[in-house]
Amino acid sequence: MQKLLATSALIGFTTLPFSVAFAAAEPDTTEKNSGHVRAASSSKVSTSEPSMMGSTAPTDQGPEKVEVKGARHRQVGGGLMVKEDAPKSRSTVTAEYIEKQAAGLNPMQLIEMLPGVNTTSTDPMGLSGGHVTMRGLTESQIGFTLEGFPINDIGSYAVYPQEIVDPENLRTINVEQGSADLDSPHISATGGAVNMYLMNPKDHLGGKIVGSYGNYNARRIFGRLDTGYIGHTNVKGFVSFSDAAEQSWRGPGGQNKLHGETKWVSAWGKGNVMSFSLVGNQSTGVLFPTTYMDTWQQKGIHNSYASKWDPKNPSSNYYQLHRNPFTNIYASAPSTFTLTDNLTLTETPYFWYGNGNGGGAYSENLTSQQYGEQKVTGSIGPYNASNTKSLILYNPSNTQTYRPGAVTKLSLHTGINRLTVGYWFEYSKQRQTAPFSLIDNETGQPNDLLGGGPNMVYSNGVTAQYRDTLTQTRIHTMFIVDSLSLLNNRLTLEAGLKYAVVNRDGQNNLPNTSTGPYIKGSWQQPLPAVSIRYKINDENQIFASSTTNFRIPMNTSLYDSGTYSTTLHGYSTQANANMKPEISISEEFGWRYQGPTIMSSVSYFHYNFTNRLYQQTITTDSGYTYTRSINGGNSHADGVDMEIGTRPILYHLRPYFSAEYINARTDSNIAAGGSSDFVFSKGKFAPQTPKYQLGFNLDYDDGHFFGGYSLKYVAKQYSTFVNDQHIPGYLTMNINAGYRFKDWGIMKSPTLRLNLRNITDRHYLGFVNGTAANALATTGMYGSKIKGGSTTYSIAAPFMVMGSASVDF
């Protein structure tokens, strides 16, 4: 089971960003003009029309805000709110807030204060990843983009935030709590979107250096060089690198990460832009094991892998066998062309590659192996059934992904009307294997972290694999949106339709699988959306929207994998290839007040889910455990999000407050694990959903000294459909303080900063990794006795202190 959990946590880990044309088009507006005019200055895109697409969409980001002198430390709530015109719920984190947080935090950690957002990190620096839910929906239901490029894994839709971006290069992070934009390149965003945007290269030669050190021997260095405009051309760019490492806060080993980013922009004429971005990430860390509830109650945080290797008594629990190597390399070349005064073409091709795994090991009996229904013997290197019965073997869950795609969009502006048509195409190949390979008997380390070298071979000549699949996914998505602006732009009406066609071809090389060696999946779905926004006056506006989104089943639902049980006549992960896509229909109604000192937003939301998709752990009467994807039936939710923040008030203080209340209910009785019966889950509170969330941030900044205090409360979260097990609610608090010195020669704004996270060192379970029908024994709808199931949880990061020194030049 531990192997299964490690595998499922790392399936399809690779994620890659790219830069999009309109975002790349904007010159940096925070610098003073040097006296010469560049063509890039004419490439700005109007932001007068709020839209579910267009200027507010992830593939059509508007210009950077001009930063007037003296306004640097006047953003609302310390950089947690901006002036917003979107006809739906949306919250934004800006660079001012980001630069005051602990160095190197991943994007999930940076949005933790926003309404509806519940984030959990498994280590202080976020180098081992984390989890997020919004309105009770997990990251596999939330569409993540960086400059418009899809971050979610193409197979499992998981998000690994440590891979995405260095925070020093981020301009903003937009959180859309209810729905993704129509032109968002996602096949899984039934629960909203998170859109990240990079800073543009600066106009002049310069750069930034940041060095940090903290507890658990955490250390990080970041460097960025901006070329400015090169010669008399319109080309400018930046190159940045970071190197981060820390020791594991529980258990042996540690995490490390080497990350590089570069972005180049050339703009000419009126709105013509070409951009190139290249991002690379390489990391190797030790995984943190998840925990069961009874294990948590017995061991608490002292649940980790073994720190020592005994050659005379080897154990598959040794930490060197549970490392997490992965490499990502990705590139894009977006272009925007102004064809006429009223017609704009955006073309964004991208390609990325990823390769890595989640580690793992097994004790294998070479004299008795199961190759599907067939019993065979095994051999590896000098070891075989005649000289060795049992042997510890390394068994990583490898995923290798190739993923090219492109988003094409044509926009026609005719007076008060804007018509956009577009097409998104992507073709991906994802190869997922789990070979058995040798371990150095003296050190306990695998000979090859990717499972290369001598592999175990069955007596029938087949290489032993825990899983062995190839998934090819083809996506064809057409969209059209028409936006009408009336009453001098006080009233905006919009309607659009996305039509998605997704085809999957799967190949499973394991024998005796329930679906056979070749599997095909095909899904077609129309996704309409409408919205309205009305400005009552310059400070007040109301909005309403209704959208439809979908998520096709994960590619893992196509395949049997894991160990084969002759008792069960099946594998430890079982396919469920005929599931329908998950459909969500969401409605929102909201009001915003955006005054000169105070900004606030309140929105009511309702969503209905059909064919809700879950991963379920099932324990049979004979004690055999397996997992499968299931259709959890229907569910619905009603709730309210709100946020309020101010510009500097008394003593340079800028408070910010966010809150959410949600009543989420399951509308169906769920099939019980290992039984043909159903549990009484209809009407129960939905799993993985906190009923209440509260966030508070207080920022102080006088231009030199700055400081902040934040807290977040998250209510309890159920892990079962019958609500008989949950993780308790928790409250965490963070503090930051720092000082900016005056410029000294070429050194601009030398800064010292101290960050304290989880200051009470609270130990808590932060995330429900999976769901079960029931945790305690119960009686089903048809009178069957149903055994209790189990699920796993992530242990949240402890107290962290980190000091940083930075300087611009």
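In this predicted model, a convenient place to begin is T463, which lies in the loop between β25 (457-458) and β26 (465-486). T463 counts as partly exposed because its relative accessibility is 36%, a value in between the limits of 20% for buried and 50% for exposed. If residues up to four places away in sequence are not counted, T463 touches N455, M456 and V457. The C-alpha atoms of T463 and L321 are separated by 20 Å, and these two residues stand 142 residues apart along the chain.

From this loop we can turn to the interior, and begin with the nonpolar cores. The largest nonpolar core has 59 residues, and of these F144 and I173 touch the most other members. I173 has contacts with S91, T92, V93, I98, P107, L110, I111, V194, N195 and M196, again leaving out residues up to four places away in sequence. There is also a second, separate core of 14 residues, and among its members are Y362, V376, I380 and A464.

The next topic is empty space inside the protein. Rolling a probe the size of a water molecule over the atoms shows where empty space is left. A search of the whole structure finds 15 cavities of 30 Å³ or more, and the largest cavity holds about 290 Å³ of space. Its lining is made up of 24 residues, of which E112, T119, T732, R757 and Y764 lie nearest the centre of the cavity. Which strands each supply at least two residues of this lining? They are β2 (117-121), β39 (705-714) and β42 (730-740), and the largest share, 5 residues, comes from β2. Sorted by chemical character, the residues of the lining of the largest cavity divide into 11 nonpolar, 9 polar and 4 charged.

Aromatic rings offer another way to read the structure, and a search of the whole of it finds 17 aromatic pairs. In one of them, the rings of Y564 and Y571 have their centres 4.9 Å apart and their planes at 80°, so this pair is edge-to-face, given that planes over 60 degrees apart are counted in that way. Both Y564 and Y571 are buried. Another pair, formed by Y700 and F705, is tilted, with 5.9 Å from centre to centre and 50° between the planes. Y700 is partly exposed because its relative accessible area is 23%, and F705 is likewise partly exposed, with a relative accessible area of 40%. Elsewhere, F149, Y350 and W352 form one aromatic cluster.

The last stop is a loop where the backbone deserves attention. Y651 is placed in the loop between β36 (635-646) and β37 (653-666), and H652 is found in the loop between β36 and β37 as well. Y651 has a positive phi of about 55° although it is not a glycine, and H652, which is not a glycine either, has a positive phi of about 60°. Are these residues buried or exposed? Y651 is exposed because its relative accessible area is 61%, whereas H652 has a relative accessibility of 38% and therefore counts as partly exposed.

Terms used: Residues numbered from 1 in each chain as written. Predicted model: local features only at pLDDT ≥ 70, side-chain atom pairs only at ≥ 80, totals over all residues. Heavy atoms only, no water. 1 Å grid on protein atoms, 1.4 Å probe; cavity = no way out; pocket = protein on both sides within 12 Å on 5 of 7 lines; lining within 4 Å. Points joined across faces, edges and corners; volume = space filled by probe spheres on them. Helix = DSSP H or I, 4+ residues; strand = E, 2+ residues; numbered from the N terminus. Nonpolar A, V, L, I, M, F, W, Y, C, P; charged D, E, K, R; others polar. Core = buried A, V, L, I, M, F, W, Y, C linked by side-chain atoms within 4.5 Å. Buried < 20%, exposed > 50% of the residue type's maximum accessible area, 1.4 Å probe, protein only. Contact = heavy atoms within 4.5 Å. Phe/Tyr/Trp six-rings, centres within 6.5 Å; stacked < 30°, edge-to-face > 60°.
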